[in-house]
Structure formats: structure tokens, C-alpha cells
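The following exercises ask the reader to work through the architecture of one protein. Each task is followed by a solution set out in steps.

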Amino acid sequence: MTRASPARPWRAIVVDDEPLARQTLRLLLAREKDFAIVAECGHGADAIEAIRRERPDVLFLDVQMPEVDGFEVLRRLEPAAVPSVIFVTAFDRYALQAFEQHALDYLLKPFSDERFAVVLGQTRMRLRERTFASIAGRMSDLLAGTAPERRQLVIRDSGRTIVIPHDDIVWIEAEDYCARIHLRGRTLLVRDSLRALEGSLDRGAFVRVHRSAIANVACMREIEPVTSGDQRLTLSDGTKLKVSRTYRAHLVKAIGKPSSA
């Protein structure tokens, strides 16, 4: 049975401090015509540089590495630079934390070829969905002649295709392995990660304010400091969101841009 391949191979980066582990992933990915390794890294610091340089579609990321571990790699990256992530580790105790980081999947060493094939199949499906959403959004803009602020978020969920104008979105929060989209007057729960949705949104109109929340810049009404050293953001619907220190600079930069609305 043949399968359709993307116009170009999905770009992958492998990060693991064990050469044998990198070799295993290299050999397995070499069998897949629609994936290409663009970088291999044995240290977290090297991985950060490679991700920023190569802009991969998917990242196979070890958790335990000296000095800079896998979770720290993601924390140091700008939100828009983080690709789809598959954590690879010998320790199952990191599974929950991995999914809190909105990982696509989790490979527990040593894994079988069958388990790798399942994970890669799911990854392939999610990457195609993301590409479809991005293309559909751009085509909608071109056909309708709309301005960037009128772009749409296209979601494929349980066989449905849902089209949501960006202007209707107030904020989005992570909810277990799903995301809840807060619209003007209603909410919508979709089986997608916050990270995946972030990649389909207009980066100038939406900003991550916390690892579990994205907000529409046009819906922001007030930012105030709180005693913990973080900040609190008030939105147009009255929602109050914590702004963590990690994302404060991104928020300040976003609200400092002239509004196009």
C-alpha cells in the first residue's frame, strides 16, 4: 500500500547524548522517504542552536542530558521556534511532564520497530493536519481578499473541519491532552495541543502568556503585577490570566506593536 508524501520531506532533528540512541533513530528514519534528518545533536545547547537555524518540523528529544536537559531546551526556545516534539527517554517517570509540554508522543527506550512505526504514523498524521490548516488559512485569505487580522483557524477534529475566524478567539487554554478555545460567547474543546494550534495562529495577533494559555492581543485590556513577581492579564471577557516570567518579554513585544485592527 502506497501513501502520499509531502512536497518535501518533513525536517527532523535528533537530540540525544548517547551516540547509539542517535544511530538507532537515524537508521529508522532512513527507511522513511517523507522524513529527513537535518541535524543531530548530543548536547542541549547545540540543539537550541540547531533548532533556531534549521526550523525543523519535528524534534526527537532526549530528556536526560548533561547541563541542558530536554525540558530546558524547550524552555529556552522562543515559542514560535518549537516544532512538534517526540520525547525519547529510558525513564517512564517523565511521561506526564512530557505531555504537559504538549509533546506529540513519548518513546520509552528501548523501543521496538513496531512502537516507532506507530509513533511516526501519528506524527505524520498531525503534521499533515497542520499543513492542511496552514494552507487552508492562506487560501481563504487570498480568495476572500481579507486582511491578516481576518485570518481563520482551521481545525480537523473527529472527522470534522472547523473554521474559526481569528477575530472570534479571545484566548486558548491547554486542557489535559486537548485545547479549549474560548470564543466570544462560547467555548470549543478540540483534540489538539496548544503548541500545534499556536503554529496555525497569526503570530502578530496571538501571544503565549503562560505554558498553558495563548491570548488574542486585541482582547487584552490590562496588565498588572502580582506579589509572586509574575503579572496578571485581564481580557475583554473578564478572564484573568497569569503571565509567567518566561513569556513576559514576548507579551510586551506583542502589545508594543501598532494594532492593525
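**Overall description**

The protein exposes about 13600 Å², of which carbon and sulfur atoms supply 51%. The model is predicted.

**Exercise 1.** State how many helices and strands the protein has, and what share of its residues is buried.

*Solution.* Step 1: the secondary structure consists of seven helices and 15 strands. Step 2: a residue is counted as buried under 20% relative accessible area. By that criterion, 46% of the 261 residues are buried. Step 3: for contacts between residues at least 6 apart in sequence, 52% join residues at least 24 apart.

**Exercise 2.** Determine the strand order of the open sheet that contains S1, and identify the strands at its edges.

*Solution.* Step 1: five strands are arranged as S2-S1-S3-S4-S5, and their pairing is parallel. Step 2: S2 and strand S5 (105-108) each have a single partner strand and stand at the edges, so one side of each has no neighbour in the sheet. Step 3: on average, neighbouring strands of this sheet are turned by 20 degrees against each other, direction ignored.

**Exercise 3.** Describe the surroundings of S1 and the partners of Ala12.

*Solution.* Step 1: S1 is largely enclosed by the rest of the structure, because five of its six residues are buried. Step 2: the parallel pairing of S1 with S2 extends over six bridges. In S2, Ala12 has Ile37 as its bridge partner, and Trp10 has Phe35. Step 3: S1 also pairs with S3 in the parallel sense, over four bridges, and there the bridge partner of Ala12 is Val58.

**Exercise 4.** Establish how the chain passes from S1 to S2, and whether the crossover is right-handed or left-handed.

*Solution.* Step 1: between S1 and S2 the chain runs through helix H1 (residues 19-30). Step 2: this β-α-β crossover is right-handed. Step 3: H1 lies across S1, S2, S3 and S4, and runs at about 165 degrees to S2.

**Exercise 5.** Identify the residues with the most contacts inside the largest nonpolar core, and the elements that supply this core.

*Solution.* Step 1: the core has 21 residues, and those touching the most other members are Val15, Leu59, Leu61, Leu74 and Phe87. Step 2: two or more residues each come from strand S1 (10-15), strand S2 (35-41), helix H2 (44-54), strand S3 (58-62), helix H3 (70-76) and strand S4 (84-89). H2 gives the most, with four residues. Step 3: in soluble globular proteins, nonpolar side chains tend to be buried together. Step 4: apart from neighbours within four places in sequence, the contacts of Val15 are Cys41, His43, Ala47, Leu59, Phe60, Leu61, Asp62 and Met65.

**Exercise 6.** List the buried residues of H2 and the elements against which they pack.

*Solution.* Step 1: Gly44, Ala47, Ile48, Ala50 and Ile51 are the buried residues of H2. Step 2: they pack against S1, S2, S3 and H3. Step 3: Arg55 follows H2 and has a positive phi, near 50 degrees.

**Exercise 7.** Give the strand order and edges of the open sheet with antiparallel pairing.

*Solution.* Step 1: the order of its five strands is S10-S9-S8-S12-S11. Step 2: strand S10 (187-190) and strand S11 (206-210) are the edge strands with a single partner each, so one side of each is without a neighbour in the sheet. Step 3: S11 pairs with strand S12 (residues 213-216) in the antiparallel sense over four bridges. In S12, Ala215 is the bridge partner of Val207.

Note on methods: Residues are numbered from 1 along each chain as its sequence is written. This is a predicted model: local features need pLDDT of at least 70, side-chain atom pairs count only at pLDDT 80 or more; totals for chains, interfaces and linings use all residues. Side-chain values use heavy atoms; hydrogens and water are left out. A nonpolar core is a set of buried Ala, Val, Leu, Ile, Met, Phe, Trp, Tyr and Cys residues joined through side-chain atoms within 4.5 Å. Buried means under 20% relative accessible area, exposed over 50%, partly exposed in between (1.4 Å probe, protein chains only). Contact means heavy atoms within 4.5 Å. Accessible areas come from the Shrake-Rupley method with a 1.4 Å probe; for residues, only the protein chains shown count as cover. Two strands pair if DSSP finds at least two bridges between them. A crossover is right-handed if, with the strands pointing away from the viewer, the path from the first strand over the helix to the second runs clockwise. Axes are lines fitted to C-alpha atoms, for helices over the stretch in contact, and angles run from 0 to 180 degrees between N-to-C directions.
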